[in-house]
Amino acid sequence: MNFHIFAALILFNSYLSNCSPAPDSICNKKASYIFTEPTGNIYSPGYLSNSSYPEDLDCKWTILVPTSEYLRIKIVDLDLDEAISCEGDSLTFNVLSNNERVTVKRICGTQKPHDFLISGFPLLSIEFISDYIFSGRGFHISWSTQKKVNLCKPNEFQCSLGNCVPLSTICNGKFDCDDGSDELKCPKKTTAEYTCGNTKINPDTSGYTFRILGGDPVIPGSWPWQADLQLSIMWPSGHFCGGALIHPQYVLTAGHCIAAYPKPELVRVVLGNHNSFKKDNFEQIRLVDSIVTYNATPPAFDFINDISLIKLKVPISISDGVNPVCLADSLKPLKTGTKCYVTGWGSTHGTGNSGILKQLPVEIVDLKECADAINEAGEVDLEGKGQVCVRAGGGGTGVCSGDSGGPLVCQVDNQWYLYGVASKVTRGTILGPICGEGKGNAVYATVASKLSWIRDVMKQLDQMP
Ligand SMILES: [Ca+2]
Ligand SMILES: [Ca+2]
Ligand SMILES: [Ca+2]
């Protein structure tokens with residue numbers, strides 16, 4: 001073992017186990033079992049004896065990667081708790097970069113991610129944590145080292161997300177990769193025809209339920225512009241904000257959502273999503289080409305005009321469950337009392353259907369009457385046109401953390417128009433964010449006041465090579 005790797009190991013692990021006992025038995029809070037073999041398997045405790053893993057685990061394994069080789073990780077089997085940010089049980093992959101531990105992937109749930117490569121780092125550390133509720137079958141990981149920086153066979157193309165498709169499918173006009181990356185470097189095609197604000201599957205707007213905090217699950221595909229912004233290192237969800245598809249290649253969201261994750265490579269956008277933990281019929285994953293924030297360069301944003309525009313690397317394909325919404329312009333002003341809808345995967349605080357897209361009917365309320373939701377200095381422009389306020393039905397309903405960036409839509413002449421993106425959905429308190437209190441007021445950044453900006457940015461970005 002050369003000195004550099006040894007020093008890196010010391011940094012990685014506060015205590016090094018001696019490399020002898022069976023890996024399955026090494027699982028205490030201090031030691032990390034170190035593998036130096038070119039291939040091998042790692043199992044969660046109990047996996048090989050068909051029993052679920054114990055509670056309160058913190059297991060660590062480290063794999064050394066020979067210089068100028070790459071480490072291929074395959075998740076052979078996976079059965080852990082599922083949570084939006086894997087806050088229950090989780091499997092985390094860390095590398096050491098400039099003497100700092102950097103997480104490259106965190107997974108949970110039961111949906112196996114594609115194989116992935118660790119390249120350019122001398123070692124990989126894997127950490128498995130379990131909490132006190134629910135244990136599954138666990139996991140089986142296999143690894144191997146290889147000399148080529150590619151996961152696919154010679155006659156295959158490697159998609160950005162890591163799966164392989166035949167070379168003949170590149171630029172054939174169909175999206176063969178989950179993320180559409182087989183159609184990325186192709187001569188530009190004219191954009192597919194579509195009618196904005198059109199739903200092939202109609203949302204259920206029959207009832208007036210008072211219960212996204214307490215909201216009702218939607219009919220899958222009935223809000224076809226709903227975008228799910230996810231942290232790219234997380235799997236299967238990593239949801240952190242919502243968004244609205246306004247063109248096959250553009251999504252609007254809130255500026256403050258992007259402020260937290262200001263680089264395109266940190267964000268993955270999913271259209272047609274319904275259940276955060278299962279693959280849905282209409283689902284299309286897209287990576288991000290660029291992000292532009294109104295009035296600011298991320299990570300800064302404008303509290304009043306809280307909007308960012310995301311350009312996707314590859315346009316989505318229009319389907320029954322994925323279709324852009326129309327942009328509201330000043331010719332369609334909102335009257336106080338208009339009934340509109342908000343949608344999102346935001347926090348439900350135990351009101352049910354966590355991880356499922358929910359809808360909530362809201363009423364447009366006068367901004368000045370909306371003071372309890374926007375009482376923080378510098379965050380409100382009561383005279384301006386940058387914000388619109390909505391009110392849910394009361395009784396602890398409303399939008400909440402995680403709904404930010406999501407759409408406020410109203411139906412005009414059988415078409416749905418985007419009037420705003422969720423900007424201020426919680427009220428900061430010393431106990432943490434509160435939502436759904438009082439009448440469930442929430443502030444949305446208006447779209448009509450930023451139409452010319454949106455069009456200018458799209459024009460500029462489309463002219464870029
Ligand atoms: Ca658990
Ligand atoms: Ca293709
Ligand atoms: Ca899904």
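This is a walk through the structure, one selection at a time.

**Start with the whole chain**

Keep in mind that you're looking at a predicted model. Show the cartoon view with everything switched on. The protein's secondary structure adds up to 3 helices and 29 strands. Of its 465 residues, 43% are buried.

**Stop 1: the barrel**

Select β14, β16, β17, β18, β19 and β20. These 6 strands close into a barrel, and going round it you meet them in the order β14-β16-β17-β20-β19-β18, with antiparallel pairing. On average, neighbouring strands in this sheet are turned by 40° against each other, ignoring direction.

Now zoom in on one pair. Select residues 226-231 for β14 and 239-247 for β16: the two are antiparallel partners, with 5 bridges between them. Which residue of β16 stands opposite Asp 228? Click on Gly 242 and you've found it.

Move on to β19, residues 284-293. Is this strand largely enclosed or in the open? It is largely enclosed by the rest of the structure, because 7 of its 10 residues are buried. It has a partner in β18 (residues 267-271), running antiparallel and joined to β19 by 4 bridges. To see one of those contacts, select Leu 271, whose bridge partner in β19 is Gln 284. β19 also pairs with β20, again in the antiparallel sense, over 5 bridges. Here you can pick Val 288 and look across to Leu 312, its bridge partner in β20.

**Stop 2: the helix lying across the barrel strands**

Select residues 451-463, which make up helix α3. This helix lies across β16, β17, β19 and β20, and runs at about 30° to β20. How many of its 13 residues are buried? The number is 0, so α3 lies largely in the open.

You can also check the helix with a ruler tool. At 1.5 Å a residue, α3 should span 18 Å, and its end C-alpha atoms are 19 Å apart, which agrees.

**Stop 3: an open sheet**

Next, hide the barrel and select β3, β5, β8 and β10. These 4 strands form an open sheet in the order β3-β10-β5-β8, paired antiparallel. At its edges are β3 (39-43) and β8 (116-118), each of which pairs on one side only. From one strand to the next, the twist averages 25°.

For a closer look, select β5 (residues 70-79): 3 bridges join this strand to β8, and the two run antiparallel. Ile 73 is a good residue to click, with Phe 116 as its bridge partner in β8.

**Stop 4: β22 and its two partners**

Select residues 339-344, strand β22. With 5 of its 6 residues buried, this strand is largely enclosed by the rest of the structure. It runs antiparallel to β23 (residues 358-365), and 6 bridges join the two. Look for Thr 343, which stands opposite Gln 359 in β23. β22 is also joined by 2 bridges to β25 (residues 407-412), likewise antiparallel. There, Tyr 341 has Val 409 as its bridge partner.

**Stop 5: the largest nonpolar core**

Hold on to Val 409, and add Ala 244, Val 269, Val 390, Leu 418, Tyr 419 and Tyr 444. Out of the 66 residues in the largest nonpolar core, these touch the most other members. Strand β26 supplies the largest share, 6 residues. Where does this core lie? Domain 2 (226-325 + 452-463) and domain 3 (326-447) both contribute residues, so the core lies between them. As background, nonpolar side chains tend to be buried together in soluble globular proteins.

Now focus on Leu 418. Beyond its close sequence neighbours, its contacts include Ala 244, Ile 246, Val 325, Pro 407 and Val 409. There's also a second, separate core of 32 residues, with Cys 27, Ile 107, Leu 123 and Phe 128 among them.

**Last stop: Val 421**

Stay with β26 (residues 415-424) and select Val 421, which lies in this strand. Why does it count as buried? Because it has 28 other C-beta atoms within 10 Å, and 20 or more is enough. Show its surroundings: leaving out residues up to four places away in sequence, Val 421 touches Ala 244, Leu 252, Ile 307 and Tyr 444, among others. Gly 405 is another contact. Draw a distance between the C-alpha atoms of Val 421 and Gly 405: the two are 16 residues apart in sequence and 5.0 Å apart in space.

Note on methods. Residues are numbered from 1 along each chain as its sequence is written. Chains are lettered from A and ligands numbered from 1 in the order in which they are written. This is a predicted model: local features need pLDDT of at least 70, side-chain atom pairs count only at pLDDT 80 or more; totals for chains, interfaces and linings use all residues. Two strands pair if DSSP finds at least two bridges between them. Axes are lines fitted to C-alpha atoms, for helices over the stretch in contact, and angles run from 0 to 180 degrees between N-to-C directions. Two residues are in contact if their C-beta atoms, placed from the backbone, lie within 7 Å. A residue is buried if 20 or more other C-beta atoms lie within 10 Å of its own, exposed if 12 or fewer, and partly exposed in between; C-beta atoms are placed from the backbone. A nonpolar core is a set of buried Ala, Val, Leu, Ile, Met, Phe, Trp, Tyr and Cys residues joined through C-beta atoms within 7 Å. Domain bounds come from an automatic or database domain assignment. The expected span of a helix is 1.5 Å times one less than its number of residues.
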